[in-house]
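Reader: Please pick one part of this model and take me through it closely, residue by residue where that helps. Start with the overall numbers, so that I can place the part in the whole.

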Amino acid sequence: MKWKLQSVPRAVVQVFWIGTLTLIEADPATAAAVDHSVVLGRLNASPTIVDTVGSPLTEVLVGRLSEYFERCLEARPRVLSKIPVSGSEPLIVLGTAQMAHLYNVPPPPASGDEEAFSLATLRSPRTVVVASGATDKGVKRAIWRLILLTQQESEGLTIPETQVTETPWKSTRGYMLVNWSPDDVRTKFTNRMVNKCVDVVYR
């Protein structure tokens, strides 16, 4: 089901979390109180995504982010590998700590954690969101934060002015399969009704 920006009475955020679409509805009074927001795109006008990392992971992330913008704005973003020297459309720039230094914004924390990231917005000379990570895994975290911060307003898809650097509180995380009933009983038969749902240990 598609919906248009002008038909939405209140601020709605569409969040993709590992392929799951979640709708979060914000209080209109709270949304109206946000004066310092950056417009990322408008109906039929998506921002340009610049992937300066170019790893297999960021290629997947760019695809997910492009799908998110397309669903919100009904226009597929342009994807580039280098920062364009011309144009006025907003840019979503994915990069490492060097990219943060290039735009003179705080880099990811030097914690040694590969998931450390920095997310910052700029207004001049054009709207730019810099999502930088210690590695491409940090870029993934920055993109998640970007999506969570976006809001659907009357003027378009916006994000509050942001300048954040973070490191995951848990450096090692994983998951395991928890079988709540025996999968293989005495090696004679297999229980096809076994629950193989993933139980996330840390996230």
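Author: Accessible areas here come from the Shrake-Rupley method with a 1.4 Å probe. By that method the protein exposes about 11,800 Å², and carbon and sulfur atoms supply 54% of this area. The model is a predicted one. Its secondary structure comes to four helices and 15 strands. Of the 203 residues in the protein, 40% are buried. Among contacts with a separation of 6 or more, 64% are between residues 24 or more positions apart.

The part I will take is the open sheet, with the helices that pack on it. Six strands form this sheet, in the order β5-β4-β6-β8-β7-β11, and their pairing is mixed. The edges are β5 (78-80) and β11 (163-166); each has a single partner strand, so one side of each is left without a neighbour in the sheet. From one strand to the next, the twist averages 15°. Strands of a sheet pair through backbone hydrogen bonds, either parallel or antiparallel.

Within this sheet, β8 (128-133) is a useful place to stop. Six of the six residues of β8 are buried, so the strand is largely enclosed by the rest of the structure. V128, V130 and S132 point one way from β8, while V129, A131 and G133 point the other way. Both sets are buried.

On one flank, β8 pairs with β6 (91-95). The two strands run parallel and are joined by five bridges. A131 in β8 is the bridge partner of L94.

On the other flank is β7 (residues 117-122). Here the sense is antiparallel, and six bridges join β7 to β8. G133 in β8 stands opposite F117. These two strands form a hairpin with five residues between them. The loop between β7 and β8 contains P125, and the peptide bond that joins S124 and P125 is cis, with omega about 0°.

β7 also pairs with the edge strand β11, in the antiparallel sense and over four bridges. In that pairing, S118 stands opposite T165 in β11.

Further along β7 is T121. What is its surface state? With a relative accessible area of 10%, T121 is under the 20% cut-off and counts as buried. Leaving aside neighbours within four places in sequence, T121 is in contact with V38, V128, V129, I159, P160, E161 and T162. V128 and V129 in that list point opposite ways from β8.

Two helices come next. Helix α4 (residues 136-149) packs on the sheet, where it touches β6, β7, β8 and β11. Its direction makes about 45° with that of β7. Helix α2 (residues 56-73) lies across β4 (48-51), β5 and β6, and it runs at about 175° to β4. Strand β6 thus appears in the contacts of α4 and also among the strands that α2 lies across.

The length of α2 can be checked. At 1.5 Å a residue, its 18 residues should span 26 Å, and its end C-alpha atoms are 26 Å apart, which agrees.

Its burial is one-sided. The buried residues of α2 are T58, L61, V62, L65, S66, Y68, F69, C72 and L73. They cover an arc of only 160° around the axis, which puts them on the same side of α2. An α-helix has 3.6 residues a turn, so residues three or four places apart point the same way. On the other side of α2, P56 and E59 are exposed.

α2 is followed by E74, which has its place in the loop between α2 and β5. The phi of E74 is near 60°, a positive value in a residue other than glycine. With a relative accessible area of 23%, E74 is partly exposed.

N104 has a phi near 60° too, again a positive value in a residue other than glycine. This residue is found in the loop between α3 (97-102) and β7. At 73% relative accessibility, N104 counts as exposed.

To put the part together: β8 has β6 and β7 beside it in the strand order, with the β6 pairing parallel and the β7 pairing antiparallel. Helix α4 touches β8, and six of the six residues of β8 are buried.

Notes:
Residues are numbered from 1 along each chain as its sequence is written. This is a predicted model: local features need pLDDT of at least 70, side-chain atom pairs count only at pLDDT 80 or more; totals for chains, interfaces and linings use all residues. Side-chain values use heavy atoms; hydrogens and water are left out. Two strands pair if DSSP finds at least two bridges between them. Axes are lines fitted to C-alpha atoms, for helices over the stretch in contact, and angles run from 0 to 180 degrees between N-to-C directions. Contact means heavy atoms within 4.5 Å. Buried means under 20% relative accessible area, exposed over 50%, partly exposed in between (1.4 Å probe, protein chains only). The expected span of a helix is 1.5 Å times one less than its number of residues. The arc is that of the directions from the helix axis to the C-beta atoms.
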